[in-house]
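Let's walk through this structure together, one feature at a time. Keep the sequence and the 3D view at hand as you read.

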Amino acid sequence: QHPSLGVRKSSSAGGKSASGSGEGMLRRIGQRHAAVALRGLRPLATSPSRVKLITSEEAYDKEMTSDGLTVVYYTATWCGPCRMISPIFEQLASENEGASFLKVDVDEMPELAESANVSAMPTFQFVRERKLLDTIVGADAAKLRTLVSTLSA
């Protein structure tokens, strides 16, 4: 029996396994799980992003004149939870064409983040006609999906 797998190895000449090492089998299984986990993200890699990166206050002001829902995502490159939720934000942007999705790097635009009272990352603000409707602080994917769905309807 192979000690780490708890399965009996097939015998062949020299006492080696006929099917290769158990480690190779585990590696293939791990690759399959990774492929399954990434399957939901593949369409995003080929489609252009609808998320607009805000690099100036003028660009922010222009985007905020929209009559529809605007979702502003305040993030930072060093923020682990931000990196985790970014693909979900991208996906929501691709699924909700009636809303605008903005991304603000707080290290690049500190005055904008301060004027929006952002004190933690990630922060999501939901705005319509320059009125703040709701805010999420933290990487809560379920709440983000629910609010985008509810407020964009």
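Y73, F89, F101 and F124 come together as one aromatic cluster, and this is a good place to begin in what is a predicted model. Counting ring pairs gives 4 aromatic pairs. Take Y73 and F89: their ring centres are 4.8 Å apart and the planes meet at 50°, so this pair is tilted rather than stacked or edge-to-face. The pair links distant parts of the chain, since Y73 sits in strand β2 and F89 in helix α4, 16 residues apart. How accessible are the two partners? Y73 has 0% relative accessibility and therefore counts as buried. F89, with a relative accessible area of 1%, is buried too.

From F89 you can step on to F101. The centres of these two rings lie 5.3 Å apart with their planes at 70°, and because that angle is over 60 degrees the pair is edge-to-face. F101 belongs to strand β3 (residues 100-105) while F89 lies in helix α4, so the pair ties together parts that are 12 residues apart in sequence. Both F89 and F101 are buried.

Strand β2 (residues 69-75) deserves another look, this time at T70. Is T70 buried or exposed? With a relative accessible area of 2%, T70 is buried, because the limit for that class is under 20%. Setting aside residues up to four places away in sequence, T70 touches E63, M64, S100, L102, Q125, F126 and V127.

Helix α4 offers a second stop as well. This helix covers residues 80-95, and P81 is found in it. At 40% relative accessibility, P81 counts as partly exposed, because that value falls between the 20% and 50% limits. Beyond its neighbours within four places in sequence, P81 is in contact with P122 and A139. The second of these partners is 58 residues away from P81 along the chain, yet the C-alpha atoms of P81 and A139 are separated by 5.8 Å.

On either side of P81 in the sequence, you will find the two cysteines of a disulfide: C79 is joined to C82, with an S to S distance of 2.4 Å. The count for the model is 1 disulfide. Such a link is a covalent bond between the sulfur atoms of two cysteines. The link of C79 and C82 is right-handed, with 75° about the S-S bond. Both C79 and C82 are buried.

P122, one of the contacts of P81, brings us to some backbone geometry. A cis peptide bond joins M121 and P122, with omega at about -5°. P122 is located in the loop between α5 and β4. Further along, the loop between β4 and β5 holds E129. Although E129 is not a glycine, its phi is positive, at about 50°. With a relative accessible area of 47%, E129 is partly exposed. R130 lies in the loop between β4 and β5 as well, and its phi is near 65°, again a positive value in a residue other than glycine.

R130 also leads us to the largest pocket, where it is one of the lining residues. About 220 Å³ of space lies in this pocket. Which residues line it? The lining is made up of Y60, M64, Y74, L112, S115, A116, N117, Q125, V127, R130, K131 and L132. Of the elements, α5 (110-115), β4 (123-128) and β5 (131-137) each supply at least two residues of that lining. By residue class, the lining divides into 7 nonpolar, 3 polar and 2 charged. Three of these names may sound familiar, as M64, Q125 and V127 are also among the contacts of T70.

Finally, step back to the whole chain. Its secondary structure comes to 6 helices and 5 strands. Read from the N terminus on, the elements run α-α-β-α-β-α-β-α-β-β-α. Of the 153 residues in the protein chain, 33% are buried. Among contacts between residues at least 6 apart in sequence, 63% join residues at least 24 apart. The contact of P81 with A139 is one you can find again in the 3D view, with the two positions 58 residues apart along the chain.

Terms used:
Residues numbered from 1 in each chain as written. Predicted model: local features only at pLDDT ≥ 70, side-chain atom pairs only at ≥ 80, totals over all residues. Heavy atoms only, no water. Helix = DSSP H or I, 4+ residues; strand = E, 2+ residues; numbered from the N terminus. Buried < 20%, exposed > 50% of the residue type's maximum accessible area, 1.4 Å probe, protein only. Contact = heavy atoms within 4.5 Å. Disulfide = S-S within 2.5 Å. 1 Å grid on protein atoms, 1.4 Å probe; cavity = no way out; pocket = protein on both sides within 12 Å on 5 of 7 lines; lining within 4 Å. Points joined across faces, edges and corners; volume = space filled by probe spheres on them. Nonpolar A, V, L, I, M, F, W, Y, C, P; charged D, E, K, R; others polar. Phe/Tyr/Trp six-rings, centres within 6.5 Å; stacked < 30°, edge-to-face > 60°.
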